[in-house]
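Reader: Hello! I am new to this structure and would love a close look at a single part of it. Could you pick a spot and walk me through it?

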Amino acid sequence: MGLTKKYLAYRPIDSFNIINSGRSNGNVVIYNKTEGRYALVAAVENVIIWNLGLGERALTLRRDKQENTALRASPDRTHIDGVFELFDLCAPEQSVCTLALHKCGVRLRFDDMGIRLLSGSLNTELIVVDNVEQAGRQRLIGHNAPITDEHFLQHFAAEQNIIVSCS
């Protein structure tokens, strides 16, 4: 008889009873070419698309080890972005790109065309991300408190790039 005992290794497969995380937001997305029927929410580290008509889970996008603090659907509502992991809802098996730009929770905002993304963070930094090149373009500092919202001002001439943020 041996001195050691073998234990079976278990790993969690799914999150139970989590409909939506309290620290994140929700969005309405276009999924399966249907508009107005699906809601996108964060469920701790995963992202869930709920069928609002049936009240059941349609899709789960899995991530590892990091809580989702912000979700944003692109203007065409077929691409989503969380903590800088961009998913295409037409092929949701893998993320399109992953960027590590912040060390804490973020708020996200796309421009009208979905080419640029603003990321305001709890560590008072604002980053402009180019979705085409999948890279951060500018890191803007100057706030003394966490950034609560940010917007592109696109009512001016096309050559002007004006960003408004608040904290």
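Author: Happy to! Let us start with Met-113, which sits in the loop that links β9 (106–110) and β10 (116–121). Please keep in mind that this is a predicted model. Is Met-113 buried or exposed? Met-113 has a relative accessible area of 69%, and because residues over 50% are classed as exposed, Met-113 counts as exposed. Met-113 also has partners at the surface: together with Ile-115 and Val-132, Met-113 makes a nonpolar patch of about 330 Å².

Now for the chain around this loop. The chain has 14 strands and zero helices, so reading from the N terminus you meet one β element after another. Of the 167 residues in the chain, 39% are buried. The chain exposes about 10700 Å², and 52% of that comes from carbon and sulfur atoms. As for contacts in the chain between residues at least 6 apart in sequence, 36% of them join residues at least 24 apart.

For another view, turn to Glu-56, a residue of strand β4 (residues 56–61). Glu-56 is partly exposed, at a relative accessible area of 45%. Leaving aside residues up to four places away in sequence, Glu-56 touches Ile-49, Trp-50 and Asn-51. Ile-19 is 37 residues from Glu-56 along the chain, and the C-alpha atoms of these two residues are separated by 9.9 Å.

Methods:
Residues numbered from 1 in each chain as written. Predicted model: local features only at pLDDT ≥ 70, side-chain atom pairs only at ≥ 80, totals over all residues. Heavy atoms only, no water. Patch = residues over 30% accessible without salt bridge, like charges linked within 9 Å, V, L, I, M, F, W, Y side chains within 5 Å. Areas by Shrake-Rupley, 256 points an atom, 1.4 Å probe, with all protein chains shown as cover. Salt bridge = Lys/Arg side-chain N within 4 Å of Asp/Glu carboxyl O. Helix = DSSP H or I, 4+ residues; strand = E, 2+ residues; numbered from the N terminus. Buried < 20%, exposed > 50% of the residue type's maximum accessible area, 1.4 Å probe, protein only. Contact = heavy atoms within 4.5 Å.
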